[in-house]
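Hi,

Here is the structure I said I would pass on. Have a look at it first, and then read my notes below.

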Amino acid sequence: MPINGKRAYELLDRIGFIRTSGSDQEKEASQILMDEIQSLGIEAMREPFEVEDAIVHRAILKVCEPYEKSYEVTAWKCCPNAKLEGELYYAQDALTPVDLANMKGKIVLVNNYLRLPTYKKMLESGAIAFITYQGSLLDKREDSDLDTRKLRANFRKYGNLPGVNMLVEDAFELVVKKAHKVYLEIEQENVTLTSHNVYATIPGTEDPKTIITLGAHYDSVPFSTGVYDNGAGSVIIMEILREFVAHPPRRTVKFCWFGSEEVGLEGSKAYIAKHPEEVAKTRLMINVDVAGAPLGKDVAMITGPESLVSYIEYLACAENFSLHARQDIYSSDSTPFANAGVPAVSFCRFGTQGAAFIHCRHDVIKYLSADSLEATAAFVNTFASEIVNTAVFPVERTMPDNMVKKVHEYLDIKDEK
């Protein structure tokens with residue numbers, strides 16, 4: 001029952017629909033994955049967890065001076081309701097002394113996506129609201145989707161600012177036409193949704209108490225069928241599950257399909273919180289996130305001992321598989337495991353610019369291939385099989401200080417030292 005790219009591609013096509021966090025479509029995709037697992041004679045488990053969300057009733061941005069115009073915007077979910085008028089300030093860098101000195105009492109336009117360091121500085125500097133933007137000036141408006149973003153809990157713990165998101169061409173016009181005074185209005189209500197993780201376990205034949213976890217998230221962002229990000233990872237670990245069903249492993253292998261990764265790694269965080277005993281027995285987490293692009297390159301990011309980088313690079317050479325490995329964190333479900341002390345590897349196939357697309361309507365299956373899925377899946381399977389079945393487990397369950405620092409910075413965890 002070897003790795004089969006065509007079979008993976010067919011399953012990918014079946015889950016290739018928009019499946020956002022906590023939606024009926026996300027649950028539908030989880031059922032498809034469960035049915036596939038159970039068709040192999042393996043028990044599938046679906047575990048619910050709660051995620052925060054909001055229903056937006058109104059989001060308005062109007063320029064009042066020196067011209068009058070309303071712009072299409074979306075509210076940042078979970079930010080406060082607001083009706084306010086104020087001076088617009090474009091923070092080009094947002095962290096320079098000049099920008100910080102000019103934010104007080106202003107509605108601040110920031111470049112692209114809002115990062116936590118920028119948000120904290122805006123709060124400290126007395127900004128009253130913020131505006132973000134997305135897209136490219138080369139985009140056609142009729143082909144542009146305006147994303148609804150969420151102000152996550154790790155932002156709101158420092159303070160809660162109202163914010164809206166707009167298209168880049170509109171932000172461009174605000175700056176070029178020197179918009180000075182704007183009116184911003186947001187009306188929304190916070191709600192709680194239910195998302196799901198899907199699990200399957202293959203017990204070890206000799207050392208069942210030691211667990212190696214394989215994971216991938218199966219949710220998508222709005223407007224996206226999410227086949228590249230990350231239906232591809234989901235079908236790859238399904239292929240590897242088939243291999244371990246056919247060839248029972250020496251150690252226990254836990255397969256996890258995580259929901260709600262796109263809204264803050266919520267599925268893997270929920271797993272870590274709900275299964276502390278399993279996490280304590282887990283020696284390695286293998287994550288697959290983005291794959292299947294014919295034009296691109298394979299990468300392994302190791303959040304763990306440097307020796308694992310050398311191990312993977314050696315294996316890639318032995319398998320004649322082109323791959324670059326490095327010690328780093330990755331913005332995916334591997335990071336909560338690393339934070340729990342579990343060494344983690346994220347395998348990704350990054351498409352070259354213009355040949356693969358994430359977080360947009362262009363993430364569609366026609367830009368992926370069965371052969372590319374199979375190549376990445378085959379190498380990840382080789383690595384997983386080698387390491388699960390070693391006579392002596394080669395990866396120490398430790399987290400180097402440099403990786404602890406990066407994980408804590410990413411998750412905004414304060415060190416106690």
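Let me start in the sheet, with β5 and β6: they run parallel and are joined by three bridges. Leu109 in β5 has Ile131 as its bridge partner in β6. To get from β5 to β6 the chain passes through α4, and this β-α-β crossover is right-handed. Keep in mind that this is a predicted model.

On its other pairing, β5 goes with β4, again in the parallel sense, over four bridges. There Tyr90 is the residue that stands opposite Leu109. As for the side chains of β5, Ile107 and Leu109 point one way while Val108 and Val110 point the other way, and all of them are buried.

The helix in that crossover, α4 (residues 116-125), has Leu116, Thr118, Tyr119, Met122 and Ser125 as its buried residues. What do they pack against? The buried residues of α4 pack against α3 (97-101), β5, β6 and α5 (153-156). Just after the helix, Gly126 takes a positive phi of about 90°.

Now to α6, residues 168-176. Its buried residues are Val168, Asp170, Ala171 and Leu174. They sit on the same side of α6, because the arc they cover around the axis is only 160°. That fits the usual geometry: an α-helix has 3.6 residues a turn, so residues three or four places apart point the same way. The packing partners of these buried α6 residues are β1 (45-65), β2 (69-71), β4 (82-91), β5 (107-110), β6 (129-134) and β7 (163-167).

Some backbone oddities are worth a look while you have the model open. Most residues other than glycine have a negative phi, and most peptide bonds are trans. Here are the exceptions I noted:

- Lys178, just after α6, has a positive phi of about 55° although it is not a glycine. Lys178 is in the loop between α6 and β8 (181-202) and counts as exposed, at 64% relative accessibility.
- Phe223 is not a glycine either, and has a positive phi of about 75°. Phe223 lies in the loop between β9 (207-217) and α7, and is partly exposed with a relative accessible area of 34%.
- The peptide bond from Glu65 to Pro66 is cis, with omega near 0°. Pro66 belongs to the loop between β1 and β2.
- Asp229 and Asn230 are also joined by a cis peptide bond, with omega about 5°. Asn230 has its place in helix α7 (residues 227-246).

Further along the chain there is another β-α-β unit, made by β12, helix α10 (residues 306-318) and β13, and it is right-handed. Strand β12 (residues 296-303) pairs with β13 in the parallel sense over five bridges, and Asp298 stands opposite Leu323 in β13. Which residues of β13 are buried, and which are not? Along β13 (residues 323-327), Leu323, Ala325 and Gln327 point to one face and are buried, whereas His324 and Arg326 point to the other face and are not. In a regular strand the side chains alternate between the two faces of the sheet.

Asp298 and Leu323 turn up again in the lining of the largest cavity. How many cavities of 30 Å³ or more does the structure hold? There is one of them, and about 40 Å³ of space lies in the largest cavity. Besides those two residues, its lining includes Val299, Phe321, Phe347, Cys348, Thr376, Phe379 and Val380. β12, β14 (344-351) and α12 (370-388) each supply at least two lining residues, and the largest share, three residues, comes from α12.

Last, a residue in β14: Ala344. Is Ala344 buried or exposed? It is buried, with a relative accessible area of 1%. Leaving aside neighbours within four places in sequence, Ala344 is in contact with Leu284, Met285, Met301, Ile302, Thr303 and Ser334. Between the C-alpha atoms of Ala344 and Lys281, which are 63 residues apart along the chain, the separation is 14 Å.

That is what I have so far.

Best wishes

Technical notes. Residues numbered from 1 in each chain as written. Predicted model: local features only at pLDDT ≥ 70, side-chain atom pairs only at ≥ 80, totals over all residues. Heavy atoms only, no water. Buried < 20%, exposed > 50% of the residue type's maximum accessible area, 1.4 Å probe, protein only. Arc of directions from axis to C-beta. Contact = heavy atoms within 4.5 Å. Pairing = 2+ DSSP bridges. Right-handed = clockwise from strand over helix to strand, strands pointing away. 1 Å grid on protein atoms, 1.4 Å probe; cavity = no way out; pocket = protein on both sides within 12 Å on 5 of 7 lines; lining within 4 Å. Points joined across faces, edges and corners; volume = space filled by probe spheres on them.
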